[in-house]
Amino acid sequence: MRRTTTPADDASRALLRAATRHSGTRTAALCLVATAATGAGLLLPAALGRTLDLLLARAPATGWVLCCAGLVALLALLDGCQSVLVGTVDARTTAWLRWRLTGHVLAVGPRATARFGAGDLVARLVGNAAQAGTAPAARAALLAALAGPVGGIVALGLIDLWLAAVFLAGAPLLAALLRTFARDTSRCVTRYQQEQGRIAAALAEAVDGHRTIHAAGATDRETARILRPLPELSRAGHRMWRVQGRAAAQAVTVAPLLQLGVIAVAGVLLTRHRLSVGEMLAASRYAVLATGVGVLVSQLASLARARAAAGRLGEVVAEPATAHGGRRLPPGPGRLELRGVTARRGGHTVLDGIDLVVPGGTTLAVVGRSGAGKSLLAALAGRLADPDEGDVLLDEVPLTELTHHDLRRAVAYAFERPALLDGTVEDTIGLGLPDPSPARIREAARTAHADDFIRRLPNGYGTALAAAPRSGGESQRLGLARAFAHDGRLLILDDALSSLDTVTEARIAEALTGGSSATRLLVAHRAATAARADAVAWLEGGRVRAVGRHEELWEIREYREAFTGEEAA
């Protein structure tokens with residue numbers, strides 16, 4: 001029964017083809033070197049047999065002895081070249097796969113992390129990419145490994161057709177064993193890698209929340225949670241080795257019988273003077289080459305692991321990247337509009353039919369209880385996510401129709417927990433800017449009230465982040481400075497003021513509302529932040545319950561409860 005292919009299967013095959021093309025020249029060289037080594041190995045028994053016959057006949061054999069020595073030296077040289085080429089092809093292919101996967105994950109955006117989890121993505125990017133990177137070399141080596149048995153059978157036929165016939169009588173059984181082994185190994189390896197991904201995902205979550213775990217005294221419980229898939233991982237590993245061991249045992253049982261059959265027939269032919277002693281020696285060696293089961297089992301196992309790993313990479317690549325349009329953003333004040341926006345997560349409708357307009361140059365605070373969809377609305381407003389229904393427009397242009405360049409130049413974000421990547425403080429603030437000037441970086445830092453603590457660092461703005469100890473509030477100020485330096489027409493702050501003290505928050509909020517011409521969308525959890533906005537959008541039950549001034553909405557009890565989380569008087 002033919003197995004139905006999935007988009008992930010197609011993506012994994014396309015990925016491996018592209019990876020092979022990337023290392024095509026070296027892979028071809030590896031295939032030639034491996035085939036040449038196999039050819040030299042096939043010539044050696046014939047040369048040894050001829051040398052033996054000449055020595056037994058007391059005829060001159062110096063040339064053939066030198067030929068045998070040359071073949072042995074050539075085999076050693078080709079083996080060394082093959083080892084170097086295998087390492088080179090594996091490294092180049094792995095690097096290309098990681099580059100390709102990283103680029104695709106970034107193109108997909110937050111959907112990739114939401115579907116697979118950060119830990120599992122890292123496991124695929126690091127471990128699975130390294131295993132999949134061995135596929136081109138494994139295929140080339142497998143071709144050479146197959147050439148050995150085929151060449152051995154042909155050589156047996158050239159010595160005497162009866163020798164090849166005896167071997168071919170049992171060859172179908174050997175082929176069936178190898179096919180079953182390849183199929184079963186692929187299944188076991190896939191399961192093993194899935195369990196590895198589960199452990200990696202749980203570990204990443206624990207590392208991210210290590211302070212909470214230690215504070216709660218839950219180290220032992222979290223350790224048990226992380227290692228919970230370990231028994232299944234062990235079972236999958238044992239199944240994998242049992243399959244390989246069983247296949248090797250079965251093949252090793254069949255192979256000697258085939259070899260004994262060939263040698264027995266060769267002995268009979270020797271007694272009838274149809275073979276020489278040297279030809280019988282060559283036949284015995286060719287019988288071993290023709291039953292090269294150990295090499296085939298090893299190469300098939302390597303290829304099965306590589307294909308299983310490529311399948312996990314294919315699942316990521318099959319996730320469609322965010323598509324962008326070709327329209328340019330016309331001049332405008334930054335008017336943001338959501339028309340009939342509905343967004344679902346996990347089968348649950350989080351935002352339902354949202355209609356909302358933020359006039360250009362104004363500040364809108366978005367408030368609501370936990371789980372009301374505030375962060376999701378902020379993500380939709382700048383197209384970090386797409387709605388399931390409806391449209392989001394900036395200056396009358398749907399975000400989906402904008403070019404990637406215009407969209408990212410127009411929209412700036414600051415988050416509750418900003419991602420501060422490697423580099424200096426100046427690099428962090430200027431992230432994403434085509435040509436960040438020092439004056440622009442420092443002005444943004446002053447607006448975010450980060451300039452004072454940055455200047456106290458050992459090298460000021462040139463201090464590496466790893467050497468810049470900072471509090472949660474200081475990290476938020478760096479994230480805010482990065483958003484201010486962006487200078488787009490739409491600025492979205494997703495609870496980006498939550499770790500600031502009230503004085504600093506008030507100063508930054510005043511700078512936002514008074515000194516910027518950009519349209520501002522603020523996810524607010526504090527009443528003081530909402531009070532400084534031009535208008536407030538109150539989310540409740542996935543809908544906009546009301547839009548108005550904070551002081552007007554404050555008269556409503558349920559609105560006050562959105563800030564306290566408790567029933568207000």
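This passage walks through the helices, sheets and cysteines of a predicted model.

A good place to start is helix α3, which covers residues 62-108 and contains 47 residues. From its first C-alpha to its last, α3 reaches 68 Å, close to the 69 Å expected at 1.5 Å a residue. Right after α3 comes G109, a residue with a positive phi near 85°.

Two cysteines of the chain, C67 and C68, fall within the residue range of α3. How many disulfides does the count come to? The count is zero. For C67, the nearest cysteine sulfur belongs to C68 and is 5.7 Å away. Seen from the other side, the sulfur of C68 has its closest cysteine sulfur in C67, and the separation of 5.7 Å is too far for a bond, because a disulfide calls for sulfur atoms within 2.5 Å. The surroundings of the two residues can be described as well. C67 has a relative accessibility of 34% and counts as partly exposed, whereas C68 is buried, with a relative accessible area of 9%.

Another helix, α12, spans residues 293-317 and includes L313. Is L313 buried or exposed? L313 is buried, and its relative accessible area is 1%. Leaving aside residues up to four places away in sequence, L313 touches L15, L97, L101, R124, N128, A129 and A132. Two of these contacts, L97 and L101, have numbers that fall inside the range of α3. The C-alpha atom of L313 is also separated by 9.6 Å from that of R98, although the two residues are 215 residues apart along the chain.

Turning to the strands, six of them form an open sheet with mixed pairing, in the order β6-β7-β8-β3-β9-β10. At its edges are β6 (411-415) and β10 (543-548), each of which pairs on one side only. On average, neighbouring strands of this sheet are turned by 20° against each other, direction ignored. Helix α18, made up of residues 472-486, packs on the sheet and touches both β6 and β7 (490-494). The direction of α18 makes about 175° with that of β6.

Within this sheet, strand β3 (residues 363-368) runs parallel to strand β9 (residues 535-540), and five bridges join them. Here V367 stands opposite W538 in β9. Strand β9 also pairs with β10, this time in the antiparallel sense and again over five bridges. The bridge partner of L539 is V544 in β10. What do β9 and β10 form together? They make a hairpin with two residues between the strands, and G541 in the turn has a positive phi of about 60°.

A further open sheet consists of four strands in the order β2-β1-β4-β5, and its pairing is antiparallel. The edge strands of this sheet are β2 (348-358) and β5 (397-398), which each pair on one side only. Inside the sheet, strand β1 (residues 336-345) and strand β4 (residues 389-394) run antiparallel and are joined by five bridges. Among the residues involved is L338, whose bridge partner in β4 is V392.

Methods. Residues numbered from 1 in each chain as written. Predicted model: local features only at pLDDT ≥ 70, side-chain atom pairs only at ≥ 80, totals over all residues. Heavy atoms only, no water. Expected span 1.5 Å × (residues − 1). Pairing = 2+ DSSP bridges. Axes fitted to C-alpha atoms, helices over the stretch in contact; angles between N-to-C directions. Contact = heavy atoms within 4.5 Å. Buried < 20%, exposed > 50% of the residue type's maximum accessible area, 1.4 Å probe, protein only.
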